[in-house]
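Colleague: I'd like a close look at one part of this protein, the largest nonpolar core and whatever surrounds it. Could you walk me through it?

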Amino acid sequence: MDHLRRLGNSISIPIPADDNGFTGRECPQPECEGYFKIELGTGLKGEGLPCHCPYCGHTAGQDQFWTKEQIEYAKSVAMRRITDAFHKDLKKLEFDHKPKGAFGIGISMKVKPGRPTPIHYYREKQLETEVVCVNCTLRYSVYGVFAFCPDCGQHN
Ligand SMILES: [Zn+2]
Ligand SMILES: [Zn+2]
């Protein structure tokens, strides 16, 4: 079961940026769930910096702001990797015993490729306003005009 074992206990799925270099984000507050986008690599530098919701100001770790679509996508990619690895491992167990002598029953196991797990692709949404924060230089994109900077929390 080498292929499965090699996957280990956690699989990290990269979330691609959209055509404009923005990565979608969603506020984890149930009463907000505001959608916005940021360009990774702009804005504040450092480890463990929190993210601020530009709409309600909610502050939490960056890993709390994945959109539902990004999570579905990551789950489906992980599922695909797991089933692919599982299939490769099963394939190694294939055998084919020919019947011996005049009477005998031959037994074989053949692993047929199943239908691959579908990947839940998604598209980042279009937003109205692109902003560059004057305080921390983060490039981000929001609905409407007024927002808190997702990096430094300053109101634009
Ligand atoms: Zn919010
Ligand atoms: Zn800022």
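And to get my bearings before that: what pattern does the protein follow, read along the sequence?

Modeller: Sure, and keep in mind that this is a predicted model. Read along the sequence, the pattern is α-β-β-β-β-α-β-β-β-β, which comes to 2 helices and 8 strands.

Now to the part you asked for. The largest nonpolar core has 9 residues: Phe-36, Ile-38, Cys-133, Leu-138, Tyr-140, Val-142, Ala-147, Phe-148 and Cys-149. Two strands, β2 (35-38) and β8 (139-142), each put at least two residues into this core. As a general point, nonpolar side chains in soluble globular proteins tend to be buried together.

Those two strands are also partners. β2 and β8 run antiparallel, with 2 bridges joining them. Ile-38 has Tyr-140 in β8 as its bridge partner, and both Ile-38 and Tyr-140 are on the core list.

β8 has another neighbour too: strand β7 (residues 129-132) runs antiparallel to β8, and 4 bridges join the pair. Here Val-132 stands opposite Arg-139 in β8. The hairpin of β7 and β8 has 6 residues between the strands, and in that hairpin Thr-137 takes a positive phi near 70 degrees.

Then there's Ala-147, another core member. If you set aside neighbours within four places in sequence, Ala-147 is in contact with Pro-54, Tyr-55, Val-131, Val-142 and Asn-156. Of these, Val-142 is listed in the core as well.

For contrast, go to the loop between β1 (23-26) and β2, where you'll find Glu-31. Glu-31 counts as exposed because it has 8 C-beta neighbours inside 10 Å, and the cut-off for exposed is 12 or fewer. The C-alpha atoms of Glu-31 and Gln-154 are separated by 22 Å, with these positions 123 residues apart along the chain.

Finally, zoom out so the core has some context. Of the 156 residues of the protein, 16% count as buried. The radius of gyration is 24 Å, whereas a compact globule of 156 residues would have one near 15 Å. Along its principal axes, the C-alpha trace spans about 85 × 30 × 30 Å. As for contacts between residues at least 6 apart in sequence, 55% join residues at least 24 apart.

Notes
Residues numbered from 1 in each chain as written. Chains lettered and ligands numbered in written order. Predicted model: local features only at pLDDT ≥ 70, side-chain atom pairs only at ≥ 80, totals over all residues. Core = buried A, V, L, I, M, F, W, Y, C linked by C-beta atoms within 7 Å. Buried ≥ 20, exposed ≤ 12 C-beta atoms within 10 Å, placed from the backbone. Contact = placed C-beta atoms within 7 Å. Pairing = 2+ DSSP bridges. Rg over C-alpha atoms; globule rule 2.2 N^0.38 Å.
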